[in-house]
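Colleague: I am new to this structure and would like a close look at a single part of it. Could you take one helix, go through it slowly, and then set it among its surroundings?

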Amino acid sequence: MALFKNRYKTESNRLKNWDYSREAIYFIILVTQNRECIFGAIEAGKMILNANGKIIETELLKSIVIREHWFFHNWIIMPNHIHLLIEIVSPIQTHDVEAPDTETHNVETHCSASLQTILSRKPNSISSFVAIFKSVTTKQINSQHNIDALQCGSTEFQNKIWQSNYHDHIVRNDNSFEKIYHYIKNNPKNWNMDSINSY
């Protein structure tokens, strides 16, 4: 870990000098805090989503619709992480119509992230998407848990849902794409051998 302003910080895994909003195919892994299995369970080689997992699924489906210039080749929600295989493609622009600022539109419709969070990351980038996705899902999962807790007479709480960092890999060729695609597809069947499986 690097020391910054007398505090230790986690080193970034991002590729230096790479623009994460540029055209490319990205393999993204988001892992839950402490690798806790909070999204459901694997039963007979299939992922069964619980209430938290369904929140994640709903937000992923929204992301697929909202991000018109992103193509989600494959994705899966696992008990304690999610895999995403995303391609960013350039919008087709005409001379007659100015292309809209889609990222600003996405932020307004997708979640209520703070202005500071939005401005600190490049629009339409992987890091911007991850930050917004983590923010909105954390808020929704905590809100649901607080509704349940208050009904039982408990006090309100805010749990950290995600690890602070995330894994990304830039897919360089067709062979790599095929391997990752099938890895995601077969992840539930291979759950017992998954390195992210904490059990």
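Modeller: A residue is called buried when its relative accessible area is under 20%, exposed when that area is over 50%, and partly exposed in between. Please keep in mind that this is a predicted model. By that cut-off Thr137 counts as buried, because its relative accessibility is 0%, and its place is in helix H4. Leaving aside its neighbours within four places in sequence, Thr137 is in contact with Ile55, Ile56, Glu59 and Trp162.

The helix I would like to go through is H5, which covers residues 174-185 and has 12 residues. From its first C-alpha to its last, H5 reaches 16 Å, close to the 16 Å expected at 1.5 Å a residue. At the N-terminal end of H5, Asn173 acts as a cap, with a side-chain oxygen 3.2 Å from the backbone nitrogen of Asn175.

Which residues of H5 are buried? They are Ser176, Phe177, Ile180 and Ile184, and because they cover an arc of only 100 degrees around the axis, they are on the same side of H5. The face turned away from this buried side carries the exposed residues Asp174, Lys179 and Lys185. As for what the buried residues of H5 pack against, the partners are S3, S6, S7 and strand S8, the last of these being residues 167-171.

One ring pair also involves H5: the ring centres of Phe27 and Tyr183 are 6.4 Å apart and their planes stand at 85 degrees, so the pair is edge-to-face. Since Phe27 lies in strand S3 and Tyr183 in helix H5, this pair ties together parts that are 156 residues apart in sequence. Of these two residues, Phe27 is buried, with a relative accessible area of 8%, while Tyr183 is partly exposed, with a relative accessible area of 35%.

Turning to the surroundings, the largest nonpolar core has 28 residues, of which Phe39, Ile56 and Ile126 touch the most other members. Strands S3, S6 and S7 each supply at least two residues of this core, as do strand S5 and helices H1 and H4, and H4 gives the most, with five residues. Leaving aside neighbours within four places in sequence, Ile126 is in contact with Tyr20, Tyr26, Ile28, Trp70, Ile88 and Tyr166. Apart from the largest core lies another, of 13 residues, including Ile76, Met78, Leu85 and Val171.

Notes. Residues numbered from 1 in each chain as written. Predicted model: local features only at pLDDT ≥ 70, side-chain atom pairs only at ≥ 80, totals over all residues. Heavy atoms only, no water. Core = buried A, V, L, I, M, F, W, Y, C linked by side-chain atoms within 4.5 Å. Buried < 20%, exposed > 50% of the residue type's maximum accessible area, 1.4 Å probe, protein only. Helix = DSSP H or I, 4+ residues; strand = E, 2+ residues; numbered from the N terminus. Contact = heavy atoms within 4.5 Å. Expected span 1.5 Å × (residues − 1). Arc of directions from axis to C-beta. Polar contact = N/O pair within 3.5 Å; in protein donor to acceptor, adjacent residues only side chain to side chain. Phe/Tyr/Trp six-rings, centres within 6.5 Å; stacked < 30°, edge-to-face > 60°.
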